[in-house]
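The exercises below are meant for a reader who is meeting this structure for the first time. Try each task with the sequence and the 3D view at hand before reading the solution that follows it.

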Amino acid sequence: MAVRVEPARTEDFTVQARAVGTVAPYNTVTVRSRVDGQLARVLVREGQKVARGQLLAEIDPEPLRVALAQAQGQQQQNLAQLRNAESELARYEGLFKRDAVARQVLDRQAALVQQLRGTLKSDEAQVDNAKLQLSYTRIVAPIAGRIGLRRVDAGNLLSANDANGLFTLTQTQPVSVVFSVPEPQVAEVRAAHDGKNPPPAEAWDRDNQTRLAQGRLDTLDNQIDAATGTLRLKARFENADDALFPNQFVNVRLALRQLPGAVTIPTDAVQHGSRGSYVYVIAENKAQVRDLTLGPASGGRTVVLKGLVSGEPVVLEGLDRLENGRAVNVVQAAALPAGSPLAPEPDQPAAPATPAR
């Protein structure tokens with residue numbers, strides 16, 4: 001019987017937790033106007049990256065400049081009245097010392113001065129508020145990020161705190177990936193998270209063929225979801241090349257710990273039955289059943305804790321009719337004939353032959 005084998009090997013094995021995650025920005029802001037007015041101009045393009053504090057748009061400031069001038073004029077008027085009242089108060093105080101005016105007149109003038117001082121404080125607040133409203137005509141970026149599609153064009157009238165806003169601003173550097181691990185892995189994940197260095201995380205594409213980014217585990221949720229029996233995690237990725245896009249689905253590989261010098265075999269070679277986990281090894285061209293004590297598995301490899309030593313050939317293909325003590329013929333993958341069930345799948349299918357005409 002023809003079989004294909006692969007020897008057990010010794011290697012540094014990384015225990016991983018694998019899950020499907022979603023790219024989530026740390027901050028997303030809907031940019032809105034804080035004052036009513038006409039949108040004078042938009043200074044950024046859709047999809048453009050902007051820095052924090054960068055000017056995004058301007059609202060027509062003229063109505064608010066008029067309101068500021070009006071508040072400043074009222075302030076000057078009340079200031080002049082206060083100075084006149086303070087001068088009158090000083091004169092009455094001098095006359096009162098010479099018993100030229102009644103105490104009641106002096107007290108009335110002092111009360112008027114205090115009243116005008118309070119009015120001036122209110123005027124100062126109104127002027128500051130008018131200046132603040134005028135500053136709101138310059139809409140600046142509250143965070144660094146990427147501009148979304150514009151919802152309002154220049155020339156339209158805006159209402160303060162409109163629900164739709166002008167556009168959204170999404171932070172993409174750094175970015176997080178939210179994923180979940182099953183409850184049995186929570187203890188190991190917590191141990192890795194509480195270590196000296198945060199465990200590394202990798203984001204792969206949907207097909208698990210291309211690594212998109214490398215990052216670190218950032219934080220854990222504070223409770224396990226009772227409905228799904230999973231714990232939500234968040235990994236941080238610097239995303240300097242913008243490989244990760246908000247709301248993108250990715251495959252996450254979280255490295256929990258290292259097993260140096262572990263004996264590993266292909267996971268497909270492991271058989272399970274009433275006797276437990278076992279594999280077929282080849283000795284003197286005969287198959288032998290070997291019971292195993294297995295450790296963690298990841299990336300198509302399984303750690304063997306007991307029952308196997310490095311270098312022993314383990315049957316990987318041809319297991320269907322194999323039994324203990326049966327004679328076998330070990331073949332190499334390159335020597336298998338075309339169409340053999342033991343032949344590995346080619347990376348690219350051969351092009352169909354063109355029929356002769």
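**Exercise 1. Find which residues Thr 137 is in contact with, leaving aside its neighbours within four places in sequence, and decide whether Thr 137 is buried or exposed.**

Solution. Begin with the contacts, keeping in mind that the model is a predicted one. Once the neighbours within four places in sequence are set aside, Thr 137 is in contact with Val 35, Ala 57, Glu 58, Ile 59, Asp 60, Pro 61 and Leu 64. Next, place the residue along the chain: Thr 137 belongs to the loop that lies between helix 2 (103–135) and strand 7 (138–140). Finally, turn to accessibility, where the cut-off for buried is under 20% relative accessible area. Thr 137 has a relative accessibility of 4%, and therefore counts as buried.

**Exercise 2. Work out the order of the strands in the open sheet that contains strand 7, and say which strands are at its edges.**

Solution. The sheet is made of 4 strands in the order 7-6-4-9, with antiparallel pairing. The edge strands are strand 7 and strand 9 (157–158), each of which pairs on one side only. To check one of the pairings, look at strand 4 (residues 37–42) and strand 9, which run antiparallel and are joined by 2 bridges. Within the 3D view, Gly 37 can be found opposite Leu 158 of strand 9.

**Exercise 3. Do the same for the open sheet that contains strand 10, and find the residue that stands opposite Arg 146.**

Solution. Here 4 strands form an open sheet with antiparallel pairing, and their order is 3-10-8-5. Strand 3 (28–31) and strand 5 (49–50) are the edge strands, since each pairs on one side only. Strand 8 (residues 145–147) pairs with strand 10 in the antiparallel sense over 2 bridges, and Arg 146 stands opposite Thr 170 in strand 10.

**Exercise 4. Trace the network of salt bridges to which Glu 6 belongs, and describe the accessibility of its members.**

Solution. The count for the structure comes to 18 salt bridges, and the network in question links Glu 6, Arg 9, Glu 11 and Arg 301. Start at Glu 6, which forms a salt bridge with Arg 9, with 3.6 Å between the closest N and O atoms. Glu 6 is partly exposed at a relative accessible area of 22%, and Arg 9 is partly exposed as well, at 37%. Then take the side chains of Glu 11 and Arg 301, which meet in a salt bridge at 3.7 Å, N to O. This pair links distant parts of the chain, for Glu 11 lies in strand 2 (residues 9–25) and Arg 301 in strand 20 (residues 301–306), 290 residues apart. Glu 11 counts as partly exposed at 22% relative accessibility, whereas Arg 301, at 9%, counts as buried.

**Exercise 5. Explain why the salt bridge between Glu 312 and Arg 290 ties together parts that are apart in sequence.**

Solution. The side chains of Glu 312 and Arg 290 meet at 3.0 Å, N to O. Glu 312 lies in the loop between strand 20 and strand 21 (313–317), while Arg 290 lies in strand 18 (residues 286–291), so the pair ties together parts that are 22 residues apart in sequence. As for accessibility, Glu 312 counts as buried at 19%, and Arg 290 counts as partly exposed at 22%.

**Exercise 6. Identify the residues with the most contacts inside the largest nonpolar core, and then examine the surroundings of Phe 167.**

Solution. The largest nonpolar core has 24 residues, and those with the most contacts inside it are Val 50, Leu 56, Ile 147, Leu 166, Phe 167 and Leu 169. At least two residues of this core come from each of strand 6 (55–59), helix 1 (62–97), helix 2 and strand 10 (167–170). Apart from its neighbours within four places in sequence, Phe 167 has contacts that include Val 29, Val 42, Leu 56, Ile 147 and Leu 149. A second, separate core holds 23 residues, among them Val 175, Val 186, Ala 192 and Leu 256.

**Exercise 7. Describe the aromatic pair formed by Tyr 278 and Tyr 280.**

Solution. The structure holds 1 aromatic pair. The centres of Tyr 278 and Tyr 280 are 6.0 Å apart and their planes make an angle of 85 degrees, which is an edge-to-face arrangement. Tyr 278 is buried, with a relative accessible area of 15%, and Tyr 280 is buried too, at 9%.

Conventions:
Residues are numbered from 1 along each chain as its sequence is written. This is a predicted model: local features need pLDDT of at least 70, side-chain atom pairs count only at pLDDT 80 or more; totals for chains, interfaces and linings use all residues. Side-chain values use heavy atoms; hydrogens and water are left out. Buried means under 20% relative accessible area, exposed over 50%, partly exposed in between (1.4 Å probe, protein chains only). Contact means heavy atoms within 4.5 Å. Two strands pair if DSSP finds at least two bridges between them. A salt bridge is a side-chain nitrogen of Lys or Arg within 4 Å of a carboxyl oxygen of Asp or Glu. A nonpolar core is a set of buried Ala, Val, Leu, Ile, Met, Phe, Trp, Tyr and Cys residues joined through side-chain atoms within 4.5 Å. Rings of Phe, Tyr and Trp (its six-membered ring) pair if their centres lie within 6.5 Å; planes under 30 degrees apart count as stacked, over 60 as edge-to-face and the rest as tilted.
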